[in-house]
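I opened a fresh notebook page for this one. My plan was to start with the ligand and then check a few single residues.

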Amino acid sequence: MSHIDRRSFAKLSLLATAAAAFPLHAESQQPLRFAPVGLGTISNIFMDACSKSSKCKVTALVTGHAAEKAPKYEALYGISPKNVYNYENYDEIAHNPDIDAVYIGLPNSMHAEYTIRAAKAGKHVLCEKPMAISSAECRQMIDACRQHNVKLMIAYRVHYDPMWQQIRNMARSGDLGQLQGFQGGFYGSKTSGWRLDRKLAGGGSLLDLGIYPLNTIRWIAGEEPASYSAQVATRIPGPRFASVEESIEFTMKFPSGMLASSGSSYGEDGGSYVSIDGADGNLWVEPAFYYEGLKFHGSTLHGPVSEASSGIKPYQFVYEADHFADCVRHNREPDTPGEEGLKDLLAMESIYRAAGAPIA
Ligand code: NAD
């Protein structure tokens, strides 16, 4: 074999190995075929996003209420009734070539089990935030996906929003001078159902809402918080907030000396915002975490800035799903892999510990 022959042979072998590891995507440009797991609010939005994407498609469903929910989605998205699974026969997705990936839209405490079962079935996983209800579960999910050679991405839609990417680029490229600190928060309206049950939610407003400013601040800071202080409070007496906190405020100090303070609440109707403060400028993003209508304004070293996003729901989910499809197709690591979800869980465990209300 000549030198060139050997090189070509080596290259062909590499391509063959890659194709064997990720068969569908190396050989075709077909949309990535999803099975959403749990057909609630967020899966509904995700399915709508897939219908607006050229890179993704919903081809199967996993639900505990097939008779009630499946016919609507079968009709909307052309899903075959043979591709409808429940939580008991979920593992059989392993034998269904119409499914490349699952989208986990279940209550938080179910994310780990259904991610690990998908990995064992050889299916890639796009999992909603929070990744799980403990850092230990996150590690098990990462290990399972690595062991079974499937991608794992956490659905942090903020990272895939073009306006947020622009904001982050400005902050990190020095447009505000040296970054000094952050304030943020997500103060939502009243909630109910599984979010108030610690067994299913894992925690209160922090895991559901506070995770948005936490993750966004960590993303822009580019460092992991080194120390924390925090307070939890619940003003509504009675059983509603018996197992999870209503409100939480926390501060974080980063190794560089940057400070951040943020919070979340199920009781305070306070909207969502992030303030990014540099030594020579500031960006104020509000609303910061809604599905549409995002805006920012501020002052930079180059002058005043202000912008309103023209994106219409579910545009963030389309960008997010497309990124995941590209990662699977081209065997790339997602921008928000399982390790990113793990870092948030570690931070939230530290925040709860600082507040005297540990979750792990
Ligand atoms: P939801 O209550 O609307 O839907 C949950 C689904 O899980 C339902 O279809 C329900 O039938 C099913 N389910 C299965 N077992 C269940 C059980 N034991 N108890 C309750 N429901 C059960 O919830 P959602 O708002 O769609 O949230 C689902 C996940 O998505 C959560 O992890 C949440 O944090 C996340 N989420 C993310 C965003 C985002 O913008 N990225 C927004 C909302 C929710």
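Before looking at contacts, I fixed my cut-off: a polar contact is a pair of N or O atoms within 3.5 Å. I also reminded myself that this is a predicted model.

**Entry 1: polar contacts of the ligand**

I began with W194, where an N or O atom of the side chain is 2.8 Å from an oxygen atom of the ligand. That pair falls inside my cut-off, because a polar contact needs N or O atoms within 3.5 Å. Next I looked at K129, which uses its backbone: an N or O atom there lies 2.8 Å from a ligand oxygen. For K69 I went back to the side chain and found a polar atom 3.2 Å from an oxygen atom of the ligand. How much of the ligand does the protein bury? I noted 81% of the 830 Å² that the ligand exposes when taken alone.

**Entry 2: the shell around the ligand**

I then listed the surroundings. The ligand has 25 residues around it, and T41, N108, K129, R157 and W194 come nearest. Sorting the shell by class gave me twelve nonpolar, seven polar and six charged residues. Which helices each supply at least two residues of this shell? I wrote down helix 3 (41–51) and helix 9 (205–221). I also checked the pockets, and the largest one is the space taken by the ligand.

**Entry 3: A60**

I moved on to A60 and found this residue in the loop between strand 2 (56–58) and strand 3 (61–62). Is A60 buried or exposed? I marked A60 as buried, because its relative accessible area is 0% and the limit for buried is under 20%. I also took one distance: the C-alpha atoms of A60 and S43 are 12 Å apart, with their positions 17 residues apart along the chain.

**Entry 4: S264**

S264 belongs to strand 11 (residues 259–265). I read a relative accessible area of 0% for S264, so I put it down as buried. Following its side chain, I arrived at the backbone nitrogen of G210, at 3.5 Å.

**Entry 5: Y291**

My last stop was Y291, in the loop between strand 13 (282–285) and strand 14 (295–300). Y291 has a relative accessible area of 28%, so I call this residue partly exposed; that label covers values between 20% and 50%. I closed the page with its distance to Q316: the two residues are 25 apart along the chain, and their C-alpha atoms are separated by 7.3 Å.

How values were computed:
Residues numbered from 1 in each chain as written. Predicted model: local features only at pLDDT ≥ 70, side-chain atom pairs only at ≥ 80, totals over all residues. Heavy atoms only, no water. Near = heavy atom within 4 Å. Polar contact = N/O pair within 3.5 Å; in protein donor to acceptor, adjacent residues only side chain to side chain. Areas by Shrake-Rupley, 256 points an atom, 1.4 Å probe, with all protein chains shown as cover. 1 Å grid on protein atoms, 1.4 Å probe; cavity = no way out; pocket = protein on both sides within 12 Å on 5 of 7 lines; lining within 4 Å. Sits in = over half its atoms within 2 Å of the grid points. Helix = DSSP H or I, 4+ residues; strand = E, 2+ residues; numbered from the N terminus. Nonpolar A, V, L, I, M, F, W, Y, C, P; charged D, E, K, R; others polar. Buried < 20%, exposed > 50% of the residue type's maximum accessible area, 1.4 Å probe, protein only.
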